[in-house]
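Work through the exercises below with the model open beside you. Each task is followed by a stepwise solution.

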Amino acid sequence: MKVLLIADIHANLEALQTVLGVPHDRAICLGDIVDYGPDPDKCIDLLQKKNIPTIRGNHDNAVAFKVDCQCGYKYKHLSIATREYTWEVLDKSQMDYLKKLPLLIREEIDGKKLYLTHASPRSMFEYIKPETPDEQILEMIEEATEPLDADFLAIGHSHIPMNRKIGDLTIINPGSVGQPRDRDTRAGCAVFDTETGEVEFFRLEYDIDSVCTKIEERMPHAEELTGILRRGY
């Protein structure tokens, strides 16, 4: 089975529509549908329409429960400012959808055990990056909210693609659909082959100009928000 892994959409509908065009048998979203972008409502609707299992990310959590996103200092003022916009756009059913999203999804497909969460197994706010020391990751795993017991750990949150092995555990981050932070402006996703255990990463061009126009027309801090999309960080 080909499982499309997507994460960190951040209300970028055009990027989401683009990555969903990658051939796959089923898709799973690793969280952060909202904040920063112009179309949180339409992104939620599309995920629901396609029945895509979705994890609650820290931004989804902040919007749903009106709490701190605990995101990085560099972009925090933008997440706070765009949250007001997001609340104006979402209706009650979409807010309820965010509230009910799980923090963890477990799958066993073709004999391979998958543990899917937004950030680290210990917290929706912790980053696992390519440069994070093995010792720190092992500590996060040991202190996980639920025992890992998996062959593959799929996460988002850092907005940086990663395929990394620690012992018998493979850690996959598909990168960000709608808010890349690795200096590549294209939408990111990955396809996990459950038969072979291989991961294929994709970077896809999408209509950034259209998204930036909507941000400029509707949102606060438009110059900063469009700058991030056009720089890829």
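A residue counts as buried when its relative accessible area is under 20%. The model used here is predicted.

**Exercise 1. List the buried residues of helix H8, then inspect the residue that follows the helix.**

Step 1. Locate H8: the helix covers residues 222–231.
Step 2. Apply the burial cut-off. Ala222, Leu225, Thr226, Gly227, Ile228 and Leu229 pass it.
Step 3. Move past the end of the helix. Gly232 follows H8, and its phi is positive, near 80°.

**Exercise 2. Do the same for helix H2: which residues are buried, and what phi does Asn51 take just after it?**

Step 1. H2 spans residues 40–49.
Step 2. The buried set is Pro40, Asp41, Cys43, Ile44, Leu46 and Leu47.
Step 3. Recall the background: in an α-helix, residues three or four places apart point the same way, because there are 3.6 residues a turn.
Step 4. Check the backbone beyond the helix. Asn51 has a positive phi of about 50°.

**Exercise 3. Describe the overall fold: count its elements and compare its radius of gyration with the globule rule.**

Step 1. Count the secondary structure. The protein has 8 helices and 9 strands.
Step 2. Compare the radii. The radius of gyration is 16 Å, and the globule rule gives 17 Å for 233 residues. The two values are close, so the protein is as compact as a globular protein of that length.
Step 3. Box the C-alpha atoms along the principal axes. They fill roughly 50 × 35 × 35 Å.
Step 4. Check burial. Of the 233 residues, 58% count as buried.
Step 5. Check the contact range. Take contacts between residues at least 6 apart in sequence: 65% of them join residues at least 24 apart.

**Exercise 4. Find how many disulfides the structure holds, and explain the result for Cys43 and Cys189.**

Step 1. Recall the bond: a disulfide links the sulfur atoms of two cysteines covalently.
Step 2. Set the cut-off. The two sulfur atoms must lie within 2.5 Å.
Step 3. Search the whole structure. The search returns 0 disulfides.
Step 4. Test Cys43. The closest cysteine sulfur is in Cys29, 9.4 Å away, so the gap is too far for a bond.
Step 5. Test Cys189. Its closest cysteine sulfur is also in Cys29, at 12 Å, again too far for a bond.
Step 6. Add burial. Cys43 is buried at 0% relative accessibility, and Cys189 is buried at 0% too.

**Exercise 5. Which residues other than glycine, one in the loop after S2 and one in the loop after S5, have a positive phi?**

Step 1. Recall the background: most residues other than glycine have a negative phi.
Step 2. Take the loop between strand S2 (26–29) and helix H2. Tyr36 lies there, with phi near 75°.
Step 3. Take the loop between strand S5 (152–154) and strand S6 (162–166). His157 lies there, with phi about 80°.
Step 4. Compare with the burial cut-off. Tyr36 is buried at 3% relative accessibility, and His157 is buried at 4%.

**Exercise 6. Map the surroundings of Val63, Leu5 and Phe192, leaving aside neighbours within four places in sequence.**

Step 1. Start with Val63 in helix H3 (residues 58–65). Val63 is buried, at 0% relative accessibility. Its contacts include Val34, Asp35, Trp87 and Leu98. Asp35 is 28 residues away along the chain, with a C-alpha separation of 8.0 Å.
Step 2. Go to Leu5 in strand S1 (residues 2–6). Leu5 is buried, at 2%. Its contacts include Ile28, Leu116, Cys189 and Phe192.
Step 3. Finish with Phe192 in strand S8 (residues 187–193). Phe192 is buried, at 1%. Among its contacts are Met1, Leu5, Leu114 and Val199.

**Exercise 7. Characterise the second largest pocket by volume and lining.**

Step 1. Its volume is about 160 Å³.
Step 2. There are 13 lining residues; Leu103, Thr117, Ser120, Pro121 and Thr145 are the closest to the centre.
Step 3. Sort the lining by class: 5 nonpolar, 5 polar and 3 charged.

Key
Residues are numbered from 1 along each chain as its sequence is written. This is a predicted model: local features need pLDDT of at least 70, side-chain atom pairs count only at pLDDT 80 or more; totals for chains, interfaces and linings use all residues. Side-chain values use heavy atoms; hydrogens and water are left out. Buried means under 20% relative accessible area, exposed over 50%, partly exposed in between (1.4 Å probe, protein chains only). On a 1 Å grid over the protein atoms alone, a cavity is a set of points where a 1.4 Å probe fits but cannot get out, and a pocket is an open set with protein on both sides within 12 Å along at least five of seven lines; lining residues have an atom within 4 Å of a point. Grid points are joined across faces, edges and corners, and a volume is the space filled by probe spheres set on the points. Ala, Val, Leu, Ile, Met, Phe, Trp, Tyr, Cys and Pro count as nonpolar, Asp, Glu, Lys and Arg as charged, and the others, Gly among them, as polar. Helices (H or I, at least four residues) and strands (E, at least two) are DSSP runs, numbered from the N terminus. The radius of gyration is taken over C-alpha atoms; the globule rule is 2.2 Å times the number of residues to the power 0.38. Contact means heavy atoms within 4.5 Å.
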